[in-house]
Amino acid sequence: MKYDANKISFGGRYRYVVRTSQNNGIRGYIDEDTAFLNDGQTISFGQDTATIFYQDLPYFTGDKIKILSLLKGSLNSKTACYLLGTMRKAFANFQWGVDSFDEDVLKDVCVVVPISHGEVDFNYMKAYVELLIREYISKVTTFLEKYSLQDYTLTDAEKAALQRLLCDKVKWKPFAMNKVFVPLKAPYLRKGTRRQDHVSRIRTKEFCLPVVCAKRGNNGIMKFGRKEDFTFHSNVLSIIYNGVIAAGLVYAHEEEVGIFTDSYLIKWKGEEISFDANIFLKTAIQKKIYPIYSREQKATWKNRVECEDIYLPIDYKGKIDVKFMQTIVRAEKKIAARKVIAYMNRIAMNHREKSDK
C-alpha cells in the first residue's frame, strides 16, 4: 500500500520511502498500520526516477515505489551494495519517466553479476564489498592523520566560532570578486601540440599533475598532465566557466594544479591564506555564481564573475575576518571527522562480532 505524503503525519517509528535521491530514499518516519509494512532486507526502486536503495528495516512507501527481493534467500548490506552498483549502471542510460521503468520494461533489464558453478556468487559480492570498505577506511584514516583530525575535540576558539554562527552573530559584508581575488595565468606550455594528446586519465609518475576541466565532482579533476607541459599553482581556487551542469562550480586546491579546459584559477589578493580559509571562500563564491551562470551564460572572469559581490564575514574593524573563516572550517572538519570515526568504529565492531560467531 502506498501513502500520500500530504495525508500522513511525520515523527513516527517506521521509515517512509519515496522517490527522492537523498537520505537512502527516506523522507521521514511515520506510524501507520504495520500490516502494510514492506519487508526489510529488500531494495526500494523509485519507478520513474530509478532511485534505488537497500532498506535493511521494514518500511512504508509513497507513490510509484517497487519492492525488489531475491527469489532465493535474503539480502544483506554487502551483497545489496554490490547489486545496487550493477543495477544503477544498467539503468544509467534510461530516460526519466514512468514509461521507461514500466514493470514489463524492468523485467527485461539485464544486470551483470558474478557467478560460480552456474549460480550467482553472493560470497564473491560480499568479499569484494568488504575489500572496498577496508580500502576506503584505510584512505580515510590516512586523511585524518594527514590533517590531524584523529583528535576531534573542539578548541575554545572553534566552539566560539560555531556559537557565533549558530546564534547569527556573525557580521557580513559584500565584496566585489575583483577586490579580493586575482586571476592567475595557467597556459599550456607545449607549443604546437594538442593538450588532449598529452594527458592521462590515470595518475602516474610521469602524468602527476592534476588539471581542471568542466567536471562536476572530484574537485574538477578528470585528467593528469606532465608538470613541464602545464603552468601550475597551489593553494588556489578554480572556477568552471562552461558545461551543462558544471558552469559556476568552484573548487579549492591545496596541492599543485593546472588547467586543462573550460576553467581558470584565482588566488586571494595580498598575503597567503590557509587552505581552510580557501574552502570557506570556495563555498561563498559558488553560492553566488552557480545559480546564475550556465553553458549559455558562461562564468568567465572578465566583466562577469569579477564584478559579482560575495558576502564575507568581517571583524570589528570592518575588515574581512580570515581567521574566523579558517576557524569555522576547522571546526566543521572536526565535527565531520567525529561522525566518520564513529562510523568506522561501528563497522569494526560489527566485523568483530561476526568473526566471534
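**View 1. D56 and its salt-bridge partner R15.** D56 is partly exposed, with a relative accessible area of 38%, whereas R15 is buried at 13%. Buried stands for under 20% relative accessible area, exposed for over 50%, and partly exposed for the range in between, with a 1.4 Å probe and protein chains only. The model is predicted: local features need pLDDT of at least 70, side-chain atom pairs count only at pLDDT 80 or more, and totals for chains, interfaces and linings use all residues. Residues are numbered from 1 along each chain as its sequence is written, and side-chain values use heavy atoms, with hydrogens and water left out. The closest N and O atoms of R15 and D56 are 2.9 Å apart; a salt bridge is a side-chain nitrogen of Lys or Arg within 4 Å of a carboxyl oxygen of Asp or Glu. This pair joins distant parts of the chain, 41 residues apart: R15 belongs to strand 1 (residues 10-17), and D56 to the loop between strand 4 and strand 5 (59-61). Helices (H or I, at least four residues) and strands (E, at least two) are DSSP runs numbered from the N terminus.

**View 2. The open sheet of strands 4, 3 and 6.** This sheet has three strands in the order 4-3-6, and the pairing is antiparallel; two strands pair if DSSP finds at least two bridges between them. Strand 4 (52-55) and strand 6 (65-68) are the edge strands, each pairing on one side only. From one strand to the next, the twist averages 25 degrees. Angles run from 0 to 180 degrees between N-to-C directions, the axes being lines fitted to C-alpha atoms, for helices over the stretch in contact. Helix 1 (residues 77-90) packs on the sheet and touches strand 3, strand 4 and strand 6; contact means heavy atoms within 4.5 Å. The direction of helix 1 makes about 170 degrees with that of strand 4.

**View 3. The hairpin of strand 3 and strand 4.** Five residues lie between the two strands of this hairpin, and A50 in the turn has a positive phi of about 55 degrees. Strand 3 (residues 42-46) runs antiparallel to strand 4, and four bridges join them. Across the pairing, T42 stands opposite Q55 of strand 4, and S44 stands opposite F53 of strand 4. In a regular strand, side chains alternate between the two faces of the sheet. Strand 4 is covered on both faces: I52 and Y54 are buried on one side, F53 and Q55 on the other.

**View 4. The salt-bridge network of R190, E206, R226 and D229.** These residues, R190, E206, R226 and D229, are linked by salt bridges. Within the network, R226 forms a salt bridge with E206, and their closest N and O atoms are 2.6 Å apart. The two residues come from distant parts of the chain, 20 residues apart: R226 is in the loop between strand 13 (221-225) and strand 14 (236-240), and E206 in the loop between strand 11 (199-200) and strand 12 (209-212). R226 is buried, with a relative accessible area of 13%, while E206 is partly exposed at 44%.

**View 5. The open sheet of strands 11, 13, 12 and 16.** The four strands follow the order 11-13-12-16, with mixed pairing. Strand 11 and strand 16 (258-259) are the edge strands, each of which pairs on one side only. Two bridges hold strand 11 and strand 13 in an antiparallel pairing. S200 stands opposite F224 in strand 13.

**View 6. The salt bridge between R295 and E296.** The closest N and O atoms of R295 and E296 are 3.9 Å apart. R295 is partly exposed at 43% relative accessibility, and E296 is exposed at 63%. In total, the structure holds 15 salt bridges.

**View 7. A nonpolar surface patch at Y124, Y128 and L131.** Y124, Y128 and L131 make a patch of about 270 Å². Patches consist of residues with over 30% relative accessible area and no salt bridge, like charges being joined within 9 Å and nonpolar side chains (Val, Leu, Ile, Met, Phe, Trp, Tyr) within 5 Å. Areas come from the Shrake-Rupley method with a 1.4 Å probe; for residues, only the protein chains shown count as cover. Y128 lies in helix 3 (residues 122-146) and is partly exposed, with a relative accessible area of 34%. For context, the chain exposes about 21,400 Å², of which carbon and sulfur atoms supply 52%.
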